[in-house]
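Ready for a bit of practice? Take a look at the protein below, then try the exercises before you read the solutions.

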Amino acid sequence: MDGLWDRRALLISGKGGVGKTSVAAALARAAVNAGRRVLLAEVELGAESEQTPSPLAELVGARPTGAQVTPVSANLSFVRLSAIEGQRLFLQEVLPLRVMADAALRTRALRRFLEAAPALREMGVLYQMLHLIRLTRPDGGAQHPLCILDLPATGHALALAALPDTLLTVMPGGPIGRAVREGMALLRDPARTGAVLVTLPEPLPVSETLELSTAIGRHGIPIAAGVLNRMPEDPFSPDGRAAVEQLLGAHGPHRGQRALGRLDRARGAQARLVASFPAPLLTLPDLPASGPRLVELLATHLGSRGSAASSSTGVQP
């Protein structure tokens, strides 16, 4: 886990329904418990999302205030990254006066242009993240040493990974080119950035996760870890399993057989992921909890040694 906490940015991604947001919140809590100072961030999908509740904020007890960093508890802050805020920060840097940047963003034609170009939306998110990572404390240390970013969907992870190449193709020079190259240096540095891919112990999510890891790696984003979430507990010894199967077989169809089938599918999916995933794998148990309580329990497992949050190298089961 120390290898994760020592990075500057962790990009959490995965298909919908795998518990990605809960895992992102749990990683933030676990890092704080390990003594790190954490900025937990999520991406706003559009202007209308500024008014919608944030499930991630609710999981850690944050009260977001637009695009501003909000203190949550000791060593934990929360922020919602938005394209428009990143674009404002960029214009403030390249224009001689801050008032000029604000006036430019009030121009309808410029707003339409910025909103219509997907690459520029992604650039705004990336630039706001860069701005926050650049910030320093009075003693010279980083104000946000670790940023954990919960990406809203798999497509955003791929868009962020492809962004530097896309923008440098059309705008290789000037202030945009310089900002993109700075972002590229951050995103592709395995010492500072890593993607964490969350999945479930089921065949389809595992297949999609392996495909995502290949696509992200193709764009140069280092993969720091995988998280196999909601792994069912296997309470049986080989003899115990045989006895249960004999008992179920003697009584015809039973829901216990479905439970055994789910366990077998989970173990098969886990073995496939361990054999093929290109980074260490963290396995989290299926817990009877939800909301902030689930985040607290997952953080405890992530921070523990030799417990249900086990680690494997990706080449050995």
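Here come some notes on the model, followed by five exercises with worked solutions.

This is a predicted model, in which local features need pLDDT of at least 70 and side-chain atom pairs count only at pLDDT 80 or more, while totals for chains, interfaces and linings use all residues. Residues are numbered from 1 along each chain as its sequence is written, and side-chain values use heavy atoms, with hydrogens and water left out.

**Exercise 1.** Work out how many helices and strands the protein chain has, and what share of its residues is buried.

*Solution.* Start with the DSSP runs: helices are H or I runs of at least four residues, strands are E runs of at least two, and both are numbered from the N terminus. That gives 13 helices and 9 strands. Next comes burial, where buried means under 20% relative accessible area, exposed over 50%, and partly exposed in between (1.4 Å probe, protein chains only). Of the 317 residues in the protein chain, 47% are buried.

**Exercise 2.** Compare Lys-20 and Arg-29: is each one buried or partly exposed?

*Solution.* First, place them: Lys-20 sits in helix 2, which covers residues 20-33, and Arg-29 lies in helix 2 too. Lys-20 has a relative accessibility of 8%, so it counts as buried. Arg-29 has 23%, so it is partly exposed.

Now look at what surrounds them, taking contact as heavy atoms within 4.5 Å and skipping residues up to four places away in sequence. Lys-20 touches several residues, including Ser-13, Asp-150 and Val-198. Arg-29 has contacts with Val-60, Leu-76 and Ala-299, among them. The side chains of Arg-29 and Ser-73 also share a polar contact of 3.2 Å (a pair of N or O atoms within 3.5 Å; within protein, one must be able to donate a hydrogen and the other to accept it, and residues adjacent in sequence count only if both atoms are side-chain atoms).

**Exercise 3.** Find which residues touch the most other members of the largest nonpolar core.

*Solution.* A nonpolar core is a set of buried Ala, Val, Leu, Ile, Met, Phe, Trp, Tyr and Cys residues joined through side-chain atoms within 4.5 Å. The largest one has 39 residues, and Leu-4, Leu-27 and Ile-148 touch the most other members. Helix 2 gives the most to this core, with 9 residues. Then there's a second, separate core of 35 residues, which includes Val-43, Val-206, Leu-212 and Leu-273.

**Exercise 4.** Decide how enclosed strand 6 is, and which strands pair with it.

*Solution.* Strand 6 spans residues 193-199, and 7 of its 7 residues are buried, so the rest of the structure largely encloses it. Thr-193, Ala-195, Leu-197 and Thr-199 point one way, while Gly-194, Val-196 and Val-198 point the other. For pairing, DSSP must find at least two bridges between two strands. Strand 1 (residues 9-13) runs parallel to strand 6, with 5 bridges; Ala-9 has Thr-193 as its bridge partner. Strand 7 (residues 223-231) also pairs with strand 6 in the parallel sense, over 5 bridges, and Ala-195 is bridged to Ile-223 there.

**Exercise 5.** Check the span of helix 10 against what is expected.

*Solution.* The expected span is 1.5 Å times one less than the number of residues. Helix 10 (residues 203-218) has 16 residues, so by that rule 22 Å is expected, and the model's 23 Å from first C-alpha to last is close to it. Its buried residues include Pro-205, Leu-210 and Ile-216. Just after helix 10, Gly-220 takes a positive phi of about 90 degrees.
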